[in-house]
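Please examine the sequence and the model below. The explanation that follows moves from the nonpolar interior to its aromatic residues, and then to one of the helices.

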Amino acid sequence: AYLPAAFAKKRDRALVIGFGTGASAGTIAAAGFKSVDVAELSPSMPKAAPYFKDINIDVLNRPEVKLHVEDGRTFLARTADQTLDVISIELSSIWFAGTTNLYSREFYELSVAKLKPDGVFQQWMQLHHMGVGELLSIVATLRAVFPHVRLHLVGGQGILLASQHPLVVDTEHGEQVRLAL
């Protein structure tokens, strides 16, 4: 979650889809966003958050963070009046039930419509769970919607960044994000 925060030009509103340990949501919150929505489909995931306070910065007790136990795509669609600076997707695997719709052209089109013109979309991929064909298909689908796409390899994982504008690190905020972590 450091990457989209470093590329974001503004820090008003962010959405994190997928909670896991809460580390990504904590990183986004620590980056100084005024409002962070977290959409998690499984109600049991956030219950484990206290066990990961050392890596999630006690994110669910931060005043700017609001947890929504619902499907991330549904949350995005039903909040039509709100635009976002960052959408960060941190799902465990593309192969789990209900996650493949977050790799579709329709979802990417919904995401671009919800982002501010200078907003940043980020999607994490467990590369060891997919082949080259699947990776290329996801990148091509994302590229069909967003004109600017970058793939970062971090610890054997893939981090896709996408935007309507060229992706350039915001040096002022990027350094703030690094220091906050």
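Which residues of the largest nonpolar core touch the most other members? In this predicted model, they are Tyr 108, Phe 121 and Phe 146, within a core of 26 residues. Two or more residues of this core come from each of β1 (13-17), α4 (72-78), β4 (84-89), α5, β5, α6 (132-145) and β7 (157-163). The most is given by α6, which supplies 4 residues. Nonpolar side chains in soluble globular proteins tend to be buried together.

Tyr 108 also merits attention for its contacts. Leaving aside residues up to four places away in sequence, Tyr 108 touches Leu 102, Tyr 103, Phe 121, Gln 123, Ile 138, Thr 141, Leu 142, Val 145 and Phe 146. Apart from the core described above lies another, of 23 residues, including Val 16, Ala 25, Ala 31 and Ile 159.

The aromatic rings can be considered next. The whole structure contains 4 aromatic pairs. In one of them, Tyr 108 and Phe 121 meet edge-to-face, with 5.5 Å centre to centre and 85° between the planes. This pair links distant parts of the chain, since Tyr 108 belongs to helix α5 (residues 105-114) and Phe 121 to strand β5 (residues 115-125), 13 residues apart. Tyr 108 is buried because its relative accessible area is 0%, and Phe 121 likewise counts as buried at 0%. Phe 107, Tyr 108, Phe 121 and Phe 146 together form one aromatic cluster.

Finally, helix α2 (residues 23-30) has 7 of its 8 residues buried, so the helix is largely enclosed by the rest of the structure. Its buried residues are Ser 24, Ala 25, Gly 26, Thr 27, Ile 28, Ala 29 and Ala 30. After α2 comes Gly 32, with a positive phi near 95°.

Key
Residues numbered from 1 in each chain as written. Predicted model: local features only at pLDDT ≥ 70, side-chain atom pairs only at ≥ 80, totals over all residues. Heavy atoms only, no water. Phe/Tyr/Trp six-rings, centres within 6.5 Å; stacked < 30°, edge-to-face > 60°. Buried < 20%, exposed > 50% of the residue type's maximum accessible area, 1.4 Å probe, protein only. Core = buried A, V, L, I, M, F, W, Y, C linked by side-chain atoms within 4.5 Å. Contact = heavy atoms within 4.5 Å.
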